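Dear colleague,

Please find the structure that I am handing over to you below. My account of what was found in it follows directly after.

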Amino acid sequence: MLRRAFDYIGSKRFSMTLLKIGIGYFIYLAVMWITGIRPHEGYMLWLPLSVWAAFFLVNMGISLVTQKYVHKGNIVFHAAFIIVAIGIIASAMFRFEGEVMVVEGESFFGDEKEYAGHNAGKSFDKFSPDVSFKVSDIEPVFWKDALYFTGLKAVLKYPAETLENTGEVWLNDGVKINGARMRLTGFGYFPELYVENNGALLYKGYVAAKVFPPGNIDSIEIKGYKIFMRFYPDAAVEGGKVSNRTLYLKEPALAIRVEWLGNAIGDGILKKGESVRFGGAILAFTGARRFVSIGIVKDPGEQVVFVGFVIGLIGLALRLFYGRKRDIEPVDAS
């Protein structure tokens with residue numbers, strides 16, 4: 001009985017059965033999508049697909065060992081499926097994906113605390129790539145002063161300890177560092193503040209406030225003071241009103257409102273270098289810094305999947321061209 005089950009799982013008949021099941025399942029998904037019905041996510045896609053893929057791989061493996069193929073291209077083509085599956089499994093188990101936010105002129109050393117987020121969980125030390133760099137320059141190019149990038153790149157010096165190499169990253173791709181791919185996932189400006197109270201320094205430097213694109217309002221709290229901010233990278237101030245000319249960092253201004261224990265105690269529009277006093281405290285807007293969000297991905301299965309697809313194409317070519325020539329029998333002219 002086991003022998004019969006083994007033979008059936010490795011048979012062409014079972015291959016065709018799996019093909020029909022796969023087609024039927026994707027039709028089912030299409031119907032669910034069109035009608036707006038959403039079953040539990042596990043039953044929607046991954047669990048049935050994983051079971052189907054497992055039977056498919058077992059079928060391919062047994063067929064390669066037990067079946068006799070007339071054309072060698074068939075063997076190559078079917079073996080490619082197993083290679084692709086190995087790559088997909090490696091990606092699912094070992095893929096690392098994280099995101100960092102780095103200010104222009106500053107460095108990233110690869111410590112877990114420097115990541116804004118990652119998918120490694122408690123296995124960060126095991127899966128995280130050995131990546132460090134300094135963002136030496138950020139160059140945005142906007143379309144007609146609107147929030148559409150026709151170009152955005154950041155120049156990286158790496159590793160951060162020596163800065164001996166230089167590379168660029170863009171929105172869709174970029175330099176590879178120790179097998180990890182870099183690409184830009186975000187861009188913005190951080191305002192720089194100087195805050196003191198009765199001569200005592202409370203804060204000095206940039207604040208990670210989400211004030212880009214212009215119009216966004218964010219706030220920070222410093223020693224009981226809550227500071228609401230709206231940033232203008234290229235401001236025009238007329239009659240106490242501020243507007244933005246472009247999105248480039250040219251003539252920055254910062255509109256602020258300050259609260260103490262929930263009560264408003266001051267507001268104003270500060271150009272770079274200007275300050276405002278509220279009670280015994282002084283707040284100065286000292287400038288702004290560009291920053292980029294960089295996605296870092298290291299996927300050991302990518303190359304395996306790519307190799308599998310190349311081998312599959314080779315097998316297909318062998319079957320279509322070389323095998324076709326062998327199938328043509330010479331015609332006896334007599």
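**An exposed phenylalanine, and the rest of the chain**

Phe306 counts as exposed, because its relative accessibility is 55%, and the cut-off for that class is over 50%. This residue belongs to helix H6, which covers residues 302–327. Its C-alpha lies 9.2 Å from that of Ile83, although the two residues are 223 places apart in sequence. Please note that the model is a predicted one.

**The chain as a whole**

The protein chain contains six helices and 17 strands. Of its 334 residues, 36% count as buried. About 20400 Å² of the chain is exposed, and carbon and sulfur atoms supply 59% of that area. Where contacts join residues at least 6 apart in sequence, 53% of them link residues at least 24 apart.

Helix H2 spans residues 12–35, which makes 24 residues. From its first C-alpha to its last it reaches 35 Å, close to the 34 Å expected at 1.5 Å a residue. Its buried residues are Phe14, Ser15, Leu18, Gly22, Tyr25, Leu29 and Met32. Just after H2 comes Gly36, with a positive phi of about 80 degrees.

**The sheet S2-S4-S5-S6**

Four strands form an open sheet in the order S2-S4-S5-S6, and their pairing is antiparallel. Strand S2 (107–108) and S6 are at the edges with a single partner strand each, so one side of each has no neighbour in the sheet. Two bridges connect S2 with strand S4, which covers residues 133–143. In this pair, Ser107 stands opposite Lys134 in S4.

Strand S5 (residues 146–158) and strand S6 (residues 165–170) run antiparallel and are joined by six bridges. Here Lys153 faces Trp170 in S6, the two standing opposite each other. S5 and S6 make a hairpin with six residues between them, and Leu163 in the turn has a positive phi of about 60 degrees. The loop between S5 and S6 also holds Pro159, which is joined to Tyr158 by a cis peptide bond with omega of about -10 degrees.

Is Leu156, a residue of strand S5, buried or exposed? Leu156 counts as buried, because its relative accessibility is 0% and the cut-off for buried is under 20%. Leaving out residues up to four places away in sequence, Leu156 touches Phe133, Lys134, Val135, Asn165, Thr166, Gly167, Val169, Val175 and Ile294. The C-alpha atoms of Leu156 and Phe133 are 6.1 Å apart, with their positions 23 residues apart in sequence counted as separation.

**The nonpolar cores**

The largest nonpolar core has 51 residues. Which residues have the most contacts inside it? They are Phe133, Met182, Met229, Ile294 and Ile296. Outside its neighbours within four places in sequence, Met182 is in contact with Val131, Phe133, Val169, Asp173, Gly174, Val175, Ile177, Ile294, Gly295 and Ile296. Another core lies apart from the largest one; it has five residues, including Tyr232, Ala235, Val242 and Ala253.

**The sheet S10-S11-S14-S15**

A further open sheet of four strands follows the order S10-S11-S14-S15, with antiparallel pairing. Its edge strands are S10 (217–222) and S15 (263–271), each of which pairs on one side only. From one strand to the next, the twist averages 20 degrees. Strand S14 (residues 253–260) runs antiparallel to S15, and eight bridges join the two. Within this pair, Glu259 is opposite Ala264 in S15.

**Loops with notable backbone geometry**

A cis peptide bond is also found between Phe212 and Pro213, with omega of about 5 degrees. Pro213 lies in the loop between strand S9 (200–206) and S10.

Two asparagines have a positive phi although neither is a glycine: Asn178, at about 50 degrees, and Asn198, at about 55 degrees. Asn178 sits in the loop between strand S7 (176–177) and strand S8 (180–197), whereas Asn198 is in the loop between S8 and S9. Asn198 counts as exposed, because its relative accessibility is 64%.

With kind regards

Notes: Residues numbered from 1 in each chain as written. Predicted model: local features only at pLDDT ≥ 70, side-chain atom pairs only at ≥ 80, totals over all residues. Heavy atoms only, no water. Pairing = 2+ DSSP bridges. Axes fitted to C-alpha atoms, helices over the stretch in contact; angles between N-to-C directions. Core = buried A, V, L, I, M, F, W, Y, C linked by side-chain atoms within 4.5 Å. Buried < 20%, exposed > 50% of the residue type's maximum accessible area, 1.4 Å probe, protein only. Contact = heavy atoms within 4.5 Å. Areas by Shrake-Rupley, 256 points an atom, 1.4 Å probe, with all protein chains shown as cover. Expected span 1.5 Å × (residues − 1).
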